[in-house]
Amino acid sequence: MQHEKVLIIGSGPAGLTAALYAARANLNPILIAGPQFGGQVALTHEIENYPGFPGGSGADLIDLMKEQAERFGARIEMDVVLSVDFAHGSPFRVQTGNQEYLAEALIVTSGASPRMLNVPGEKELTGRGTSYCGTCDGFFFRGKKIVVVGGGDSAIKEALFLTKFATHIDVIHRRDSLRAEAALQKRAFAHEKINFIWDTVVDEIMGTDKVNAVKLRNLKTGEVYEHPTEGVFIFVGHEPNNSLLKGALNMDVGGYVITDKHMGTNIEGVFAAGEIQDPLWKQVATSVGQGCAAAIAAEEWLSQRETVKA
Ligand code: NAP
């Protein structure tokens with residue numbers, strides 16, 4: 001079994017920053033990347049609001065973060081954590097797809113995943129006209145009419161991106177005003193390919209082999225009708241990736257891990273950073289800050305423990 005001082009779970013901005021700081025603190029960290037290297041950011045077509053990175057794809061930013069962490073000795077494994085034994089305390093036994101580790105400190109940065117609408121037809125037609133990622137699937141909708149569901153930053157940003165491919169986009173939002181930041185709203189309202197369907201929810205995604213319509217319901221009038229479309233892009237928020245952590249780490253009602261000011265959890269030696277513990281900010285910049293704080297806190301915790309032992 002491989003013995004580690006610090007093991008980081010997840011490879012988004014929080015995890016890669018924790019790896020950089022832990023490496024520079026001579027902790028020789030190992031980072032287990034998880035199912036999607038770089039997390040959600042790696043699937044983002046353009047990042048415009050991360051200071052010092054004036055523009056470029058999320059994948060480019062993640063590559064730079066990886067390179068910087070590796071330059072100082074962080075080890076990055078393209079592997080997935082299957083289970084963690086939190087019950088026996090530090091050192092924590094971590095089983096991955098390829099290896100078993102004993103880690104003195106853990107930094108959990110497992111992030112969040114897109115929320116589903118949970119309506120009939122959604123599961124069956126995912127990958128057949130229903131998608132949660134414009135960057136991944138936009139190309140398949142070249143020359144088609146599509147709908148985007150949601151009114152937050154993700155929905156509006158992705159709708160703008162999808163105008164590169166689709167001929168027309170209806171944004172379906174359950175209220176009559178957007179949650180997205182003002183700059184994005186302004187661009188979307190001005191875009192000739194984007195139309196808004198307000199106060200409306202999707203009750204069903206329709207089609208046999210592939211999507212051909214959505215069943216819509218106007219929440220103000222109660223009217224239910226079919227709206228023909230070839231694609232449905234869903235951006236209605238995120239759910240924390242907490243399946244490994246349930247029953248061990250304290251969470252809020254939304255399933256986000258509860259951390260203190262030092263990014264510590266209810267278990268000594270387990271720290272958390274980024275969207276797994278952040279229901280509020282969810283920006284690359286905030287995740288980076290949290291990852292940095294978690295690594296510094298883990299280093300302090302480890303050295304205090306060594307002082308007590310000595
Ligand atoms: P979000 O801000 O939580 O927005 C989710 C949207 O989906 C809201 O408009 C919400 O409606 C709607 N919604 C939720 N559940 C729904 C349902 N069951 N049916 C229909 N509509 C539903 O999520 P997000 O857009 O994914 O953004 C998540 C976080 O990441 C935010 O903090 C955001 O600022 C950040 N982010 C930032 C950027 C950036 O470029 N700065 C880009 C992407 C994401 P209501 O408005 O009525 O609640």
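C136 is partly exposed in this predicted model, because its relative accessible area of 37% falls between the 20% and 50% cut-offs. Its bonding partner is C133: a disulfide joins the two, with the sulfurs 2.1 Å apart. C133 itself is buried, at a relative accessible area of 11%. The link between C133 and C136 is right-handed, with 75° about the S-S bond. Searching the whole structure turns up 1 disulfide. Another cysteine, C292, has a relative accessible area of 17%, so it counts as buried too, given that the cut-off is under 20%.

Now to the ligand. How many residues surround the ligand? The shell holds 21 residues, and the closest are N49, D153, S154, R175 and R179. By type, the shell splits into 5 nonpolar, 9 polar and 7 charged residues. Helix 4, which runs over residues 153–162, supplies the largest share of that shell, with 3 residues.

Where does the ligand sit relative to the domains? Domain 1 is made of two segments, 2–113 and 238–309, while domain 2 covers 116–234. Both domains give residues to the shell, so the ligand lies between them.

Three side chains that make polar contacts with the ligand are set out here.

| Side chain | Ligand atom | Distance |
|---|---|---|
| N49 | nitrogen | 2.9 Å |
| K157 | oxygen | 3.1 Å |
| R175 | oxygen | 2.7 Å |

As for how covered the ligand is, it exposes 910 Å² when taken alone, and the protein buries 80% of that. Two of the residues in the table, N49 and R175, are also listed among the closest to the ligand.

Over to the backbone, where a few spots are worth a look. Most residues other than glycine have a negative phi, and most peptide bonds are trans. Against that background, N26 stands out: it is not a glycine, yet its phi is positive, at about 65°. N26 belongs to the loop that connects helix 1 (13–24) with strand 2 (30–32). Is N26 buried or exposed? With 70% relative accessibility, N26 is exposed, since the cut-off for that is over 50%.

M263 also has a positive phi, near 65°, and is likewise a residue other than glycine. You'll find M263 in the loop between strand 16 (238–240) and strand 17 (270–272). Here the relative accessibility is just 8%, so M263 counts as buried. In short, N26 is exposed, whereas M263 is buried.

Which residues does the cis peptide bond join? The bond runs between S90 and P91, and its omega is about 0°. P91 is part of the loop between strand 4 (81–85) and strand 5 (92–96).

One more loop residue rounds things off. T109 sits between strand 6 (100–108) and strand 7 (112–114), in the loop that links them. T109 is buried, because its relative accessibility is 7% and the cut-off is under 20%. What does the side chain of T109 have within reach? A polar atom of that side chain lies 3.3 Å from the backbone oxygen of G10. So T109 pairs a buried position in its loop with a polar side-chain atom 3.3 Å from the backbone oxygen of G10.

Note on methods
Residues are numbered from 1 along each chain as its sequence is written. Side-chain values use heavy atoms; hydrogens and water are left out. A residue is near a molecule or strand if one of its heavy atoms lies within 4 Å of it. A polar contact is a pair of N or O atoms within 3.5 Å; within protein, one must be able to donate a hydrogen and the other to accept it, and residues adjacent in sequence count only if both atoms are side-chain atoms. Accessible areas come from the Shrake-Rupley method with a 1.4 Å probe; for residues, only the protein chains shown count as cover. Helices (H or I, at least four residues) and strands (E, at least two) are DSSP runs, numbered from the N terminus. Ala, Val, Leu, Ile, Met, Phe, Trp, Tyr, Cys and Pro count as nonpolar, Asp, Glu, Lys and Arg as charged, and the others, Gly among them, as polar. Domain bounds come from an automatic or database domain assignment. A disulfide is a pair of cysteine sulfur atoms within 2.5 Å. Buried means under 20% relative accessible area, exposed over 50%, partly exposed in between (1.4 Å probe, protein chains only).
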